[in-house]
Each structure stands twice: as structure tokens, then as C-alpha cells.
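Subject: A structure for you to explore

Hi there,

Here is the structure I promised to pass on to you. Have a look at it first, and then read my notes below with the viewer open.

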Amino acid sequence: MPVFIRRGRPHRPDDETEPVGAAGESAPGAVSRLARLRAWRTRLRAWRTRYPLAAQILSWSLTALAALLVIGALLLPNTLPGLRPDRFVRIPAEAILGVGVLVLLPRRPRLVAAVVYGVGLAVVTLLNLLDMGFNEYLGRGFNAALDWDLLPDAKSYVADTLGSGVATGAAVGTAVLALLLMAVLSAATVRLGNLLARHRVRAGRGALVAGAVWVLCTALGLQLAGLPVASDRAAGALKVHTMRAVQSLRDEAAFAETAKADTFGNTPPDQLLPALRGKDVVFAFVESYGRSALEDPFMAPGVGRTLDKRAEALAAAGYRARSGWLTSATYGGSSWLGHSTTMSGLWIDNQRRYRTVTAGDHLTLTRAFQKSGAWDTVGVMPGVQKGWPEAEWYGLDRVYDAFDLGYRGPKFSWSTMPDQYALEAFERKVHGRPHDRPLMSFVILTSSHQPWAPIPRMVDWEDVGDGSVFGPIEKAGRRPADILTDTTESRKEYGRSIQYSVTSLTEWLERYGTKDTVLVFLGDHQPIARVSGERASRDVPVSVVAKDPKVLEKIDGWRWTEGLKPAKDAPVWRMDAFRDRFLTAFGSTPHPSKG
């Protein structure tokens with residue numbers, strides 16, 4: 001093979017690295033880029049020669065920064081409260097193993113291994129950051145098998161709360177952060193790998209000593225600030241996420257079989273809810289209405305006064321109430337999981353289960369009313385702004401979403417309209433109109449949805465109109481940015497939003513209810529941990545309100561508290577127990593269907 005000479009060195013045609021044109025000349029763009037790179041390298045070498053001390057300090061600083069980044073990524077906790085300095089003074093096993101591998105590899109495999117290691121660190125870091133967000137808002141860690149579908153919902157929430165520009169910026173920023181993490185951590189591991197290669201013997205000895213110390217700390221159970229000195233935090237995080245995903249996939253198949261069995265699946269229509277025939281029944285969910293609203297020392301006084309006042313007003317109008325507790329299947333968000341769990345009698349605590357059950361024919365409590373043939377069924381969903389195929393599974397003859405209620409006022413952050421308007425529109429379009437059969441209504445209220453700013457306030461019911469009256473109220477209200485990062489203000493505004501929602505609902509009942517109206521209202525989940533507290537329960541209040549004493553007599557065996565405030569020691573059921581207990585209490589006969 002002939003040898004060519006270029007730029008003073010032997011060169012073979014098959015070693016060509018520069019792009020060439022049709023005539024065998026280098027492409028102009030490639031030449032320009034290579035020239036600039038060579039010029040930059042020349043200037044850098046000249047600067048190092050001219051300022052050797054500064055160059056050495058810069059090199060040491062970059063190496064130290066690379067080491068800190070790697071150690072930080074290996075020890076990063078997955079909760080915001082865990083971000084304390086003492087969490088980062090442990091000995092990570094993954095660093096020792098990484099050193100052991102890199103010092104043994106030749107140059108090319110070492111570079112590949114270092115890049116893979118850096119990308120792996122970036123993945124672990126992103127998983128930990130996702131865990132922080134999910135723990136803060138949903139009270140649980142991120143599930144790679146289930147939760148990607150929730151990210152678009154999170155973007156929509158940010159858009160509704162802070163504006164579409166902020167939402168787009170956050171989405172782009174997240175993508176850039178992910179790419180930047182991969183690039184920076186890969187560069188850091190490559191730099192450290194090159195350093196280890198230059199000091200292979202000492203690095204190997206250091207890894208052996210560190211490994212021995214790690215084993216000794218593990219054997220002795222040494223701890224610092226309540227945590228083991230010997231850490232395998234990164235490996236443990238990957239293991240947890242892997243197991244979480246695998247268990248979720250297995251759970252999906254098992255749940256699909258469970259959902260096929262139904263205690264009331266084959267109950268004939270005439271044996272469903274005979275004790276409620278002739279009653280207009282309303283199931284209403286109050287967003288984020290949790291136990292903390294009634295028991296937290298900061299929020300409970302205001303909410304308690306509202307509940308007492310509204311109970312007295314209802315009693316004066318001839319209504320009585322019973323209240324208890326349900327343990328929600330969700331926390332902080334994903335309200336639809338609480339709705340579907342309550343109505344289906346199945347524990348639906350993730351999106352896969354939700355999709356599985358809503359794609360089937362498991363009998364919901366709302367569909368039991370439809371199946372009986374004794375009720376017309378309707379859904380009032382001011383928070384729904386797109387197609388909602390679940391209406392068929394819920395057994396709703398008609399659904400009124402955000403665009404069907406005729407609202408002409410402003411949005412209140414995420415909430416498309418005030419609860420008072422939604423209920424007045426429900427009365428005007430559905431409940432207050434003559435109908436041949438009693439009505440079963442499924443109402444999802446939204447005004448107490450985070451971020452709890454701005455909050456509507458009650459107006460005279462005759463003035464509600466098309467909702468324009470709420471314009472000045474929205475303008476005068478607080479902005480989400482004012483309270484999002486302030487725990488005290490968030491708790492205060494959350495309490496006010498619950499007072500508003502409960503007042504709207506009970507005033508609607510007082511104003512428009514009849515002797516045959518039965519109202520069942522409850523929370524869907526507790527508010528986020530920043531409001532409810534790190535160790536808050538998942539309990540939500542539930543109340544049954546009616547004028548007919550026979551209705552409440554049917555639930556005497558539940559031992560619920562009289563009034564709208566359940567006692568602290570009132571019975572606590574899981575949310576999935578409510579459907580069967582309700583069907584049974586009001587005379588439904590079990591006829592099981594089997595999977």
C-alpha cells in the first residue's frame with residue numbers, strides 16, 4: 001500500500017479522518033472546524049506554558065469538582081427533607097467499584113466505561129429528582145412503569161397555574177437538565193478515569209484500602225447521623241426502582257383478574273338500591289378535602305367553624321347528616337384514582353389499574369343506579385376539558401364538562417370555574433328541570449384544587465348569572481406565585497378553599513334540595529405533604545345528608561358521627577369498601593360474577 005506524506009507525517013488513505021469532496025479535497029466546513037479546534041488547542045497550550053501555576057490550580061479545581069459531582073450523585077437522597085450535609089459524608093461502594101474497574105482497563109475501554117458510568121449516574125440522579133417531586137406532591141416515589149403518563153398532566157397543571165410560557169420553559173428546562181447531567185457527569189467520570197490511569201498503582205491501592213474500610217464499617221454497623229457510614233445508595237436506588245417497576249407490571253395482570261370478580265356483578269336491576277327509589281341522589285367530591293383540614297391546629301379552627309355553621313343551617317332546613325372517614329387510594333393528587341376507587345369498590349392506586357378497570361365492565365356505584373332503570377344519571381365535571389370516555393364505565397347518561405356549563409367568567413388558576421357557579425349551572429341545566437325519573441348526579445368540584453390561589457368567594461345566588469360576576473373577584477385574589485413556595489400561606493389558603501367549597505355545596509343543598517334529595521359528599525385525597533404534613537394519614541371525610549330520616553336509619557349500623565364533622569375516633573374504612581357497604585345498606589342483593 002503506498003504511503004503519502006502530509007503535514008510532515010506518514011499518512012495512509014484508510015486512516016483519513018477529514019471529510020473529502022468529490023475531487024479528494026477536504027470539505028470546507030470540516031476544515032474550518034478542525035482549524036478552529038487546533039487553534040483553540042494551540043492557545044490553550046500557550047496559556048498553560050505562560051501561566052503554569054494558574055493552569056495547575058485550574059486542573060486541580062476541575063478534578064476536585066468532578067469528584068464532588070460524582071460523590072454527590074452517588075449519595076443524593078430522594079426526598080427534599082433528606083437534602084442535608086450529613087448525607088454526603090458517607091463512603092459510597094459504587095465509587096470504590098468504579099475506581100477498581102477503571103484502573104484495570106486500557107484506554108479505549110476505559111473511556112467507554114467512564115461514559116457509561118457517567119450516564120448511569122445521570123439516570124440515578126434524575127430518578128432521585130423525580131422521587132423528590134413525587135414524594136412532595138403525591139406522597140410516594142416515582143414509578144418508571146406507571147408514571148410517565150402523569151408528566152403531561154404536570155405540564156398542564158403548571159400551564160394552568162403559572163401560564164403556558166412557564167410550562168413550556170419548565171418542559172424545555174427539564175429536557176436540557178437531563179442532557180446536561182449526562183454530559184457533565186460523563187465528562188467528570190472521564191476526567192477522573194484519566195487521572196486514575198496516570199496513577200494506576202496508587203489508585204488501585206487506595207481502592208483496596210477504601211474497600212476494606214467499607215467492609216469494616218458495614219460489619220461494625222457504624223453510623224453517622226443515623227445513617228450507615230458504608231453506603232450503597234445509588235445501587236439501592238436502582239434496585240428499588242427496578243423492583244417497583246417489575247412489581248407494577250406483575251400487579252397489572254393480577255389486578256385484571258381481580259377486577260373480573262364482582263359481588264354485585266350479576267345483581268338483577270330490580271334488586272339494586274331498592275331503599276333509595278324515588279330519591280334524587282348526589283355524589284359530590286370536594287377536591288383535596290382531607291383529614292388535615294379538620295384536625296390540623298392551623299387549618300381546623302376555620303374549617304370547623306364553617307362545618308358547624310353549615311350543619312346548623314342544614315338542620316334548620318330539615319336536614320340531618322352522618323359523617324365518617326375513608327382512607328383514600330391516592331394522596332396529594334391524581335384525584336381520578338380516588339373517584340374510581342370509591343365508585344368501583346376496587347383499590348385503584350395507580351394509572352395502570354385505572355386504565356385496566358375503566359376498560360372493563362366492573363360495576364360502579366353510579367352505574368348501579370343506571371342499571372336499575374329507576375334513575376337518570378348525569379355527570380357534572382367542570383375540570384374536564386377534553387374527551388372523557390370513562391363516562392360509559394361510570395354509567396352516566398350525560399356529562400356536562402367545562403364547555404357545557406355556559407361559564408363566561410375567568411379561570412381560577414387550575415379550576416375552570418368556581419364551585420358555586422358549577423352547582424348553579426347544574427341546577428339550571430339539570431337538577432332544577434322537570435324529569436320523569438329521579439336523578440343520580442356525579443359531581444366533581446374543583447375550587448379547592450391546588451395551588452389555592454386565587455380563591456373564589458360566595459356571591460348572592462341570584463347574581464351568579466353566566467359567571468362574569470367572578471371577574472373582579474379573580475383579579476383581586478392572590479396569585480399562585482405568591483403562595484407556591486410558602487408553606488404557611490399555602491396552608492392558610494388551602495383551608496379557605498375548603499371552607500368555600502363546602503359552603504357552596506351545602507348552600508346549594510339548602511337552597512335547592514327537597515325532601516327526596518340525598519347528598520353524599522367526600523374528599524378525594526389529602527392535600528400535598530407541604531400542607532398536610534410529612535406523616536399525615538390518607539383519610540378523607542365523608543358525609544351523608546338527607547331530610548328523610550329513613551335514609552339515615554339505613555346507615556345506623558355504620559356508627560358514623562352525627563353532623564358534618566366526623567369524630568376523631570369515628571370508623572375508618574378503606575375507600576374501596578364504600579361501594580359494597582352503600583349498596584348493601586340500601587337494599588341491594590349480592591349476585592356475584594366470577595372472573
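Let's begin with a question: in which loop does P454 lie? The answer is the loop between strand 11 and helix 16. Before you go further, please keep in mind that this is a predicted model.

**The loop with two cis prolines**

P451 also has its place in the loop between strand 11 (439-444) and helix 16 (471-476). Two cis peptide bonds can be found in this part of the chain. One joins Q450 and P451, with omega about 15°. The other joins A453 and P454, and there omega is about -10°.

Some of these residues come back when you look for empty space inside the protein. How many cavities of 30 Å³ or more does a search of the whole structure find? It finds three. The largest cavity holds about 50 Å³ of space. Its lining includes Q450, A453 and P454, which you have just met, and also F412, S413, W414, S415, T446, S447, H449 and W452. Sorted by class, that lining has five nonpolar and six polar residues, and no charged ones.

**Two serines with an unusual backbone angle**

Next, turn to S288, in the loop between strand 7 (280-286) and helix 9 (292-295). S288 is not a glycine, yet its phi is positive, at about 60°. Is S288 buried or exposed? With a relative accessible area of 2%, S288 is buried, because the cut-off for that word is under 20%.

S334 has a positive phi too, near 55°, and S334 is likewise a residue other than glycine. You will find S334 in the loop between strand 8 (320-327) and helix 11 (335-344). At 11% relative accessibility, S334 counts as buried.

Now follow the chain into helix 11. Nine of the 10 residues in helix 11 are buried, so this helix is mostly covered. Among the buried ones are S335, L337, G338, H339 and S340. Helix 11 is followed by G345, and the phi of G345 is positive as well, near 75°.

**Salt bridges**

How many salt bridges does the structure hold? There are 22, and I picked out a few for you to try.

Start with E295 and R291, whose side chains meet in a salt bridge with 2.9 Å from N to O. The two partners differ in how much they are covered: E295 counts as partly exposed at 29% relative accessibility, whereas R291 is buried, with a relative accessible area of 10%.

Then try R478 and E493, where the closest N and O atoms of the salt bridge are 3.6 Å apart. R478 lies in the loop between helix 16 and helix 17 (480-483), and E493 lies in helix 18 (residues 487-512), so this pair ties together parts that are 15 residues apart in sequence. R478 counts as partly exposed, at 29% relative accessibility, while E493 counts as buried, at 3%.

K492 and E489 form another salt bridge, with their closest N and O atoms 3.2 Å apart. What separates K492 and E489 along helix 18? It is about one helical turn, because the two are three residues apart in that helix. K492 counts as partly exposed, with 38% relative accessibility, and E489 is buried, with a relative accessible area of 17%.

These last two pairs belong together: R478, E489, K492, E493 and R496 are linked in a network of salt bridges. Try showing all of these side chains at once.

**A nonpolar patch on the surface**

Finally, please switch to a surface view. Which residues make a nonpolar surface patch of about 640 Å²? They are L58, L62, L65, L69, V172, V176, L180 and V184. Helix 2 (52-75) and helix 6 (164-198) each supply at least two residues of this patch. L180 is a good one to click on: L180 is found in helix 6 and is partly exposed, with a relative accessible area of 49%.

Have fun looking around, and write back with any questions!

Best wishes

Technical notes: Residues are numbered from 1 along each chain as its sequence is written. This is a predicted model: local features need pLDDT of at least 70, side-chain atom pairs count only at pLDDT 80 or more; totals for chains, interfaces and linings use all residues. Side-chain values use heavy atoms; hydrogens and water are left out. Patches are made of residues with over 30% relative accessible area and no salt bridge: like charges are joined within 9 Å, nonpolar side chains (Val, Leu, Ile, Met, Phe, Trp, Tyr) within 5 Å. Accessible areas come from the Shrake-Rupley method with a 1.4 Å probe; for residues, only the protein chains shown count as cover. A salt bridge is a side-chain nitrogen of Lys or Arg within 4 Å of a carboxyl oxygen of Asp or Glu. Helices (H or I, at least four residues) and strands (E, at least two) are DSSP runs, numbered from the N terminus. Buried means under 20% relative accessible area, exposed over 50%, partly exposed in between (1.4 Å probe, protein chains only). On a 1 Å grid over the protein atoms alone, a cavity is a set of points where a 1.4 Å probe fits but cannot get out, and a pocket is an open set with protein on both sides within 12 Å along at least five of seven lines; lining residues have an atom within 4 Å of a point. Grid points are joined across faces, edges and corners, and a volume is the space filled by probe spheres set on the points. Ala, Val, Leu, Ile, Met, Phe, Trp, Tyr, Cys and Pro count as nonpolar, Asp, Glu, Lys and Arg as charged, and the others, Gly among them, as polar.
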